[in-house]
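Subject: Structure handover and notes

Hello,

Please find the structure below, with my notes after it. I suggest keeping the view open while you read.

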Amino acid sequence: MRRLIHILFWLVLCSWFAMVITPGVAAVSAFPELSEQGATIPAYASYFEDDPDGMSRLVAGHVADPIFLATNSAQWILAPLAVLLAVLMLHPLKIGSGPGQYLCIFALTSALGLVLLHNTSMGPRMSENLDAYRSAASRDLRQGAESARAAFEADHRIAEPLFGIRMLLLAVHLQLPSFDFQ
């Protein structure tokens, strides 16, 4: 049983780490490529008539959005499961010992807190503002589109570094000598 929980913990942790880095990989792939290709969506042609870069960013956002949503959803399951398994390994199963395990629990719990912050507050608000932006832009309502876009960008400027911090918290855990199966 100890070995199974240990293996499950590392599978969950690595999966969670993948869900944190995947949105960044998708963004750095989609945004420059679609901009270079001059991607467009006809429904937004009027709004982006003089802004081909803006159109490309909007298209890339449409392409990458399902990845962002899927990875956020997966973290709802992976983050608490990783913390639960880490706590199980530390206390009842006593896999390893020492301050490294407590630091790892702290890092995992902090990363879980960032998942909760993003998925309960920032993420839904960003999605709402993004939907409002897209809706207004498709109807060429410039003031409404710019207002919604500004609100989205304000949250995005905060969310992006928080994803980086989450990644670092998980990477710290991956690097520390913790939960060595004995």
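Which side chain meets aspartate 65 in a salt bridge? The partner is arginine 134, with 3.5 Å from N to O. Aspartate 65 belongs to helix α2 and arginine 134 to helix α3 (residues 99-138), so this salt bridge ties together parts that lie 69 residues apart in sequence. Both aspartate 65 and arginine 134 are buried. Please keep in mind throughout that this is a predicted model.

Salt bridges

Side chains of opposite charge can pair when their charged atoms come close. The count for this model is 4 salt bridges. Besides the pair above, two others are described here.

One joins arginine 142 to aspartate 140, and their closest N and O atoms are 3.4 Å apart. Arginine 142 is partly exposed, because its relative accessible area is 42%. Aspartate 140 also counts as partly exposed, at 29% relative accessibility. You will find aspartate 140 in the loop between α3 and α4. The backbone of aspartate 140 deserves a look as well: its phi is near 60°, a positive value in a residue other than glycine.

Another salt bridge is formed by the side chains of glutamate 146 and arginine 149, at 3.6 Å from N to O. These two residues are 3 apart in helix α4, so about one helical turn separates glutamate 146 from arginine 149. Glutamate 146 is partly exposed, with a relative accessible area of 37%, and arginine 149 is partly exposed at 29%.

Aromatic rings

A pair of aromatic rings is described by the distance of the centres and the angle of the planes. The model has 3 aromatic pairs by count. In one of them, the ring centres of phenylalanine 9 and tryptophan 10 are 5.2 Å apart and the planes stand at 80°, so the pair is edge-to-face. Phenylalanine 9 counts as buried because its relative accessibility is 0%, whereas tryptophan 10 is partly exposed at 22%.

Tyrosine 47 and tyrosine 133 make another pair: their ring centres are 6.4 Å apart and their planes are at 80°, so this pair is edge-to-face too. Tyrosine 47 is in the loop between α1 and α2 and tyrosine 133 is in helix α3, so the pair links distant parts of the chain, 86 residues apart. Both tyrosines, 47 and 133, are buried. Ring pairs also bring in Phe48, giving a cluster of Tyr47, Phe48 and Tyr133.

One ring has a charge as its neighbour. The charged end of arginine 166 sits over the ring of phenylalanine 163, at 4.2 Å from the ring centre.

Two residues of helix α2

Is threonine 71 buried or exposed? Threonine 71 counts as buried, because its relative accessibility is 3% and the cut-off for buried is under 20%. Threonine 71 is in helix α2, which covers residues 52-90. Setting aside residues up to four places away in sequence, threonine 71 touches Met19, Thr22 and Pro23.

Tryptophan 76 is also placed in helix α2. Tryptophan 76 is partly exposed, with a relative accessible area of 39%. Apart from neighbours within four places in sequence, tryptophan 76 is in contact with Leu116, Asn119 and Thr120. From tryptophan 76 to serine 35 there are 41 residues in sequence and 32 Å in space, taken C-alpha to C-alpha.

A nonpolar patch on the surface

Which residues form the nonpolar patch on the surface? They are Ile21, Val25, Met167 and Leu168, and their accessible area together is about 320 Å². Helices α1 (2-37) and α4 (142-175) each supply at least two residues of this patch. Leucine 168 is in helix α4. Leucine 168 is exposed, because its relative accessible area is 52% and the cut-off for exposed is over 50%.

Where to start

If you want a short route through the model, begin with the buried pair of aspartate 65 and arginine 134. Then go to the cluster of Tyr47, Phe48 and Tyr133, and finish at the nonpolar patch on the surface.

Regards

Notes:
Residues numbered from 1 in each chain as written. Predicted model: local features only at pLDDT ≥ 70, side-chain atom pairs only at ≥ 80, totals over all residues. Heavy atoms only, no water. Helix = DSSP H or I, 4+ residues; strand = E, 2+ residues; numbered from the N terminus. Buried < 20%, exposed > 50% of the residue type's maximum accessible area, 1.4 Å probe, protein only. Contact = heavy atoms within 4.5 Å. Patch = residues over 30% accessible without salt bridge, like charges linked within 9 Å, V, L, I, M, F, W, Y side chains within 5 Å. Areas by Shrake-Rupley, 256 points an atom, 1.4 Å probe, with all protein chains shown as cover. Phe/Tyr/Trp six-rings, centres within 6.5 Å; stacked < 30°, edge-to-face > 60°. Lys NZ or Arg CZ within 6 Å of the ring centre and 35° of its normal.
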